[in-house]
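Here are a few exercises to work through with the model open beside you. Try each task before reading its solution.

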Amino acid sequence: GKTKALECPNCGSGIDTIPGQAEHLVCPSCHAEVALTGDKAEVLKKHDELKQISTTLQLGDVGTFDGVKWQIIGLMRVAETGEEPDPPWIEYLLFNASKGFLWIVETNTEWTRTEVLNKLPETSGGSQVRLGGKAYTKKWSYGGEVLYAAGAFNWRVKIGDKTRITDYY
């Protein structure tokens, strides 16, 4: 449950990872995508053209939410896709050995905290979902594309990945 430094198989730089939790790394130094299988790390792809981005928080930073310490193990810069996109934002993946994963998202106007769910919320076919007895209403739905990634992730993230995002409040 503790982070462990792993040498990037491409450039040798240290990358913090969570043994048994992270499946994929993106080296913050050389931007190589690295797959983790057991004790082996294998370079999947290298992105020379990417430059280091400046973020408010850094990989390895530790912070506390509700009395629980979390460590930033991964970060991504994501851009909205569509006709009138908002400016890109930064998503930070945090890890705690007993609590699992947590996301914090930094936009140009606010910070939000998002928990990783182990089960899907109940849907009723409308614009609401229920989770833990509480109702949430759909606020926005939009596309997103990964522009930059660095650190450890619990899935294989890569530059150019696209997804559909729906926010509920």
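## Exercise 1: Around the last loop

**Task.** Find where Ile159 sits, then describe the surroundings of Asp161.

**Solution.** Step 1: Ile159 sits in the loop between β13 and β14. Strands (E, at least two residues) and helices (H or I, at least four) are DSSP runs, numbered from the N terminus. A quick note before going on: this is a predicted model, so local features need pLDDT of at least 70 and side-chain atom pairs count only at pLDDT 80 or more, while totals for chains, interfaces and linings use all residues. Residues are numbered from 1 along each chain as its sequence is written, and side-chain values use heavy atoms, with hydrogens and water left out.

Step 2: Ile159 has 26% relative accessibility, so it counts as partly exposed. Buried means under 20% relative accessible area, exposed means over 50%, and partly exposed is in between (1.4 Å probe, protein chains only).

Step 3: Look back to Ala149, which is ten residues from Ile159 along the chain; their C-alpha atoms are separated by 6.9 Å.

Step 4: Asp161 is in the loop between β13 (134-153) and β14 (162-168) too. Its side chain makes a polar contact of 3.0 Å with the side chain of Lys158. A polar contact is a pair of N or O atoms within 3.5 Å; within protein, one must be able to donate a hydrogen and the other to accept it, and residues adjacent in sequence count only if both atoms are side-chain atoms.

Step 5: Leave out residues up to four places away in sequence, and Asp161 touches Gly144, Glu145, Val146 and Arg156. Contact means heavy atoms within 4.5 Å.

## Exercise 2: The overall layout

**Task.** How many helices and strands are there in the protein chain?

**Solution.** Step 1: Count the elements, and you get zero helices and 14 strands.

Step 2: Of the chain's 169 residues, 37% count as buried.

Step 3: Take the contacts between residues at least 6 apart in sequence; 44% of them join residues at least 24 apart.

## Exercise 3: The nonpolar cores

**Task.** Which residues have the most contacts inside the largest nonpolar core?

**Solution.** Step 1: A nonpolar core is a set of buried Ala, Val, Leu, Ile, Met, Phe, Trp, Tyr and Cys residues joined through side-chain atoms within 4.5 Å. The largest one has 27 residues, and Ile73, Met76, Ala149, Phe153 and Val157 have the most contacts inside it.

Step 2: Two or more residues of this core come from each of β3 (24-26), β4 (33-37), β7, β8, β9 and β13. The most come from β13, which gives five.

Step 3: Zoom in on Val157, which touches His24, Val26, Glu33, Met76, Val146 and Ala149, not counting residues up to four places away in sequence.

Step 4: There's also a second, separate core of twelve residues, with Ile90, Tyr92, Leu94 and Leu102 among them.

## Exercise 4: Leu57 in its loop

**Task.** Is Leu57 buried, exposed or partly exposed, and which residues is it in contact with?

**Solution.** Step 1: Leu57 is in the loop between β5 (40-45) and β6. At 23% relative accessibility, Leu57 counts as partly exposed.

Step 2: Leaving aside neighbours within four places in sequence, Leu57 is in contact with Ile72, Leu75, Tyr92, Ile104 and Trp111.

Step 3: Pick out Tyr92: Leu57 and Tyr92 are 35 residues apart in sequence, yet 8.2 Å apart in space, C-alpha to C-alpha.

## Exercise 5: Exposed spots

**Task.** Where do Asp66, Lys69 and Ser98 lie?

**Solution.** Step 1: Asp66 lies in the loop between β6 (62-65) and β7, and it is exposed, with a relative accessible area of 69%. Its phi is near 50°, a positive value in a residue other than glycine. Most residues other than glycine have a negative phi.

Step 2: Lys69 lies in strand β7 and counts as exposed at 58% relative accessibility. Beyond its neighbours within four places in sequence, Lys69 is in contact with Val62, Gly63, Thr64, Phe95 and Asn96. The C-alpha atoms of Lys69 and Ala97 are separated by 9.5 Å, with the two residues 28 apart along the chain.

Step 3: Ser98 lies in the loop between β8 and β9, and at 66% relative accessibility it counts as exposed. Ser98 and Val68 are 9.4 Å apart in space, C-alpha to C-alpha, and 30 residues apart in sequence.
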